[in-house]
Each structure stands twice: as structure tokens, then as C-alpha cells.
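Reader: Could you walk me through this model and show how each label is earned?

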Amino acid sequence: MQKFQKLKEGFKDLVKNRNPGMLTFWIHRVTGVAVTIFLFLHIFTLSSVFRGKDAYDYAISKFDTKSGYIFQYVLLLAVAIHLLNGIRITVVDFWGLTRIQKKLLWLSLLVFLLIAAVGIKTVLL
């Protein structure tokens, strides 16, 4: 129950402090949890190879649909935003660039939009 109380307080803080730093903090947390959940799903899907070729083909065929491609695109977006924000945080922390962290945030957002645009072309189309 204690963890849910902390989570609830965190969301209240997000609503109260509407700034890019707080928003990216929560996006980084949510995408990190989402990518971790995906990794378990990925391992579960690939483990079907131990049940035979037919089981593996059936498991993989679930993702060879339009909804599977949309899922892959959302995964690409989650990994990209998590990666870019992690790189931004690392650069700011290691090189002491706190004065330009907002500029780095906008730069990472621009790179994210480029990845999203290329991803639409390669994953969805």
C-alpha cells in the first residue's frame, strides 16, 4: 500500500509542477517499465522454440499482423524516447551541463521525431 501512496503522490506532483523536466522524468519511468514488460513478453515468445517449429511459427505469426506492426512501432517509440532521455541525463550528469539541459531536451525531442518519422515509413508502411 505504501508504494501506491508514493505513486499517487508522484502523479499529484506531476500535475502540480508542469514543467518539461518533471514530464520527462515520468515518461522515462513509464517507458522503462514498458520496455521491461516487453522483454519478458519477448523471452516468453521466443521460448516457444523449445516446443517445436509449429509452436514457434504460431507465436511469431501473432506479430505479423497490422496490430503487431503497430505494437512494434509503439515499442520503437518507447525505446527511442527512453534511450534519448537516458543519454541526455548521462551527458548532463557527467559533464555538468545543467545550464543547457533544456536545450538538450529539445534536441533529443527533435531526434525522437526523426526516429518516429522514419519508423512510420519502415515499420508501418
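Author: Happy to, starting with confidence. Among the elements of the protein chain, helix α1 (residues 2–16) has the lowest mean pLDDT, 73, and α4 has the highest, 93. pLDDT is the predictor's confidence in each residue, from 0 to 100. Across the protein chain the average is 88, and 98% of the residues score at least 70. This is a predicted model, where local features need pLDDT of at least 70, side-chain atom pairs count only at pLDDT 80 or more, and totals for chains, interfaces and linings use all residues. Residues are numbered from 1 along each chain as its sequence is written, and side-chain values use heavy atoms, with hydrogens and water left out.

Reader: What makes something a helix here, and in which one does Lys-12 lie?

Author: Helices (H or I, at least four residues) and strands (E, at least two) are DSSP runs, numbered from the N terminus. Lys-12 belongs to helix α1.

Reader: Why is Lys-12 called exposed?

Author: Buried means under 20% relative accessible area, exposed over 50%, and partly exposed in between (1.4 Å probe, protein chains only). Lys-12 has 55%, so exposed is the word. From Lys-12 to Asp-64 the C-alpha distance is 40 Å, with their positions 52 residues apart in sequence.

Reader: How do you know that Asp-57 and Lys-53 form a salt bridge?

Author: The rule asks for a side-chain nitrogen of Lys or Arg within 4 Å of a carboxyl oxygen of Asp or Glu. For Asp-57 and Lys-53 the closest N and O atoms are 2.8 Å apart, and the pair forms a salt bridge. In general, side chains of opposite charge can pair when their charged atoms come close. By this rule the count comes to 1 salt bridge.

Reader: Where do Asp-57 and Lys-53 sit relative to each other in helix α3?

Author: They are 4 residues apart in helix α3 (residues 53–61), so about one helical turn separates them. Asp-57 has a relative accessible area of 34%, so Asp-57 is partly exposed. Lys-53, at 61%, counts as exposed.

Reader: What makes the largest pocket a pocket, and how much space lies in it?

Author: On a 1 Å grid over the protein atoms alone, a cavity is a set of points where a 1.4 Å probe fits but cannot get out, while a pocket is an open set with protein on both sides within 12 Å along at least five of seven lines. Grid points are joined across faces, edges and corners, and a volume is the space filled by probe spheres set on the points. For the largest pocket that gives about 210 Å³. Elements giving two or more residues to its lining are α2 (20–46), α4 (66–95) and α5 (101–124).

Reader: Which residues line the largest pocket, and of what class are they?

Author: Lining residues have an atom within 4 Å of a point. Among them are Asn-19, Pro-20, Thr-24, Asn-85, Trp-106 and Leu-109. Ala, Val, Leu, Ile, Met, Phe, Trp, Tyr, Cys and Pro count as nonpolar, Asp, Glu, Lys and Arg as charged, and the others, Gly among them, as polar. The lining has 8 nonpolar, 4 polar and no charged residues.

Reader: Why is Asn-85 called buried, and what does Asn-85 touch?

Author: Asn-85, in helix α4, has a relative accessible area of 7%, so buried fits. Contact means heavy atoms within 4.5 Å. Not counting residues up to four places away in sequence, Asn-85 touches Thr-24 and His-28.

Reader: Arg-88 is charged by class, so is Arg-88 buried or exposed?

Author: Buried, because its relative accessible area is 10%. Arg-88 lies in helix α4 too. Leaving aside neighbours within four places in sequence, Arg-88 is in contact with Thr-24, Gln-101, Leu-104, Leu-105 and Ser-108.
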